[in-house]
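Visitor: Got a minute to walk me through this one? Let's start with a side chain, then move on to the fold.

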Amino acid sequence: MENGVNFSFKIICPQCPDIPSWDISKLEKFISEVRLPNQKLIISGYSMGGTATWDLAHINNININGIISVSGNYCHSDINQLSNISIPAIYGENDSRFINSNILKVTNVINQHHGHATLIILKNKGHEIGQDAFILSDLNKWILSLSYC
């Protein structure tokens with residue numbers, strides 16, 4: 001890596017295609033091609049990409065170590081399988097997706113099953129928090145701490 005710094009993890013940030021849905025199988029194939037053996041994997045996404053992070057976390061054979069969901073919707077019923085994944089879920093306080101979602105319940109259930117979910121609410125922010133979320137010092141500390149787990 002540039003400047004001689006090597007990390008024991010890879011962060012993948014899928015971008016939404018021009019069509020209004022994800023082809024999760026393509027993302028799954030991409031991950032299998034770029035991931036190195038014994039390398040930790042973090043999936044990150046904003047809005048529809050944030051929703052894709054939750055979707056990818058439910059695919060058992062990917063073995064994700066962490067997801068960062070920013071303004072993403074959670075659309076699954078089986079929360080138990082997320083107990084081995086570290087998750088910061090980041091939302092704007094005024095985001096209608098957050099206000100109308102079950103994400104507080106989801107993070108609480110994950111933690112009740114000995115998971116590691118953190119709900120981060122950005123005050124006075126709406127849905128457009130992509131840049132704000134990814135410059136949080138706590139988020140960067142979380143990424144680095146996960147790499148040493």
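Guide: Sure. This is a predicted model. Histidine 58 counts as buried, because its relative accessibility is 14% and the cut-off for buried is under 20%.

Visitor: Where is histidine 58 found?

Guide: In a loop. That loop lies between helix 2 (48–57) and strand 3 (66–70).

Visitor: And what is histidine 58 in contact with, leaving aside neighbours within four places in sequence?

Guide: Tyr74, His76, Asp78, Gln81 and Leu82.

Visitor: Which side chain joins histidine 58 in a polar contact?

Guide: That of tyrosine 74. The polar contact is 3.0 Å.

Visitor: OK, switching to the sheet. Is the pairing parallel or antiparallel?

Guide: Parallel. Five strands make an open sheet, in the order 1-2-3-4-5.

Visitor: Which strands stand at the edges?

Guide: Strand 1 (9–12) and strand 5 (116–122). Each has a single partner strand, so one side of each is left without a neighbour in the sheet.

Visitor: What does the twist average from one strand to the next?

Guide: 15°.

Visitor: How many bridges join strand 1 to strand 2?

Guide: Four. Strand 2 covers residues 40–46 and runs parallel to strand 1. Within this pair, phenylalanine 9 stands opposite lysine 40 of strand 2.

Visitor: Last one. Which strands does helix 4 touch?

Guide: Strand 4 (86–92) and strand 5. Helix 4, residues 103–112, packs on the sheet. Its direction makes about 150° with that of strand 5.

Key
Residues are numbered from 1 along each chain as its sequence is written. This is a predicted model: local features need pLDDT of at least 70, side-chain atom pairs count only at pLDDT 80 or more; totals for chains, interfaces and linings use all residues. Side-chain values use heavy atoms; hydrogens and water are left out. Two strands pair if DSSP finds at least two bridges between them. Helices (H or I, at least four residues) and strands (E, at least two) are DSSP runs, numbered from the N terminus. Axes are lines fitted to C-alpha atoms, for helices over the stretch in contact, and angles run from 0 to 180 degrees between N-to-C directions. Contact means heavy atoms within 4.5 Å. Buried means under 20% relative accessible area, exposed over 50%, partly exposed in between (1.4 Å probe, protein chains only). A polar contact is a pair of N or O atoms within 3.5 Å; within protein, one must be able to donate a hydrogen and the other to accept it, and residues adjacent in sequence count only if both atoms are side-chain atoms.
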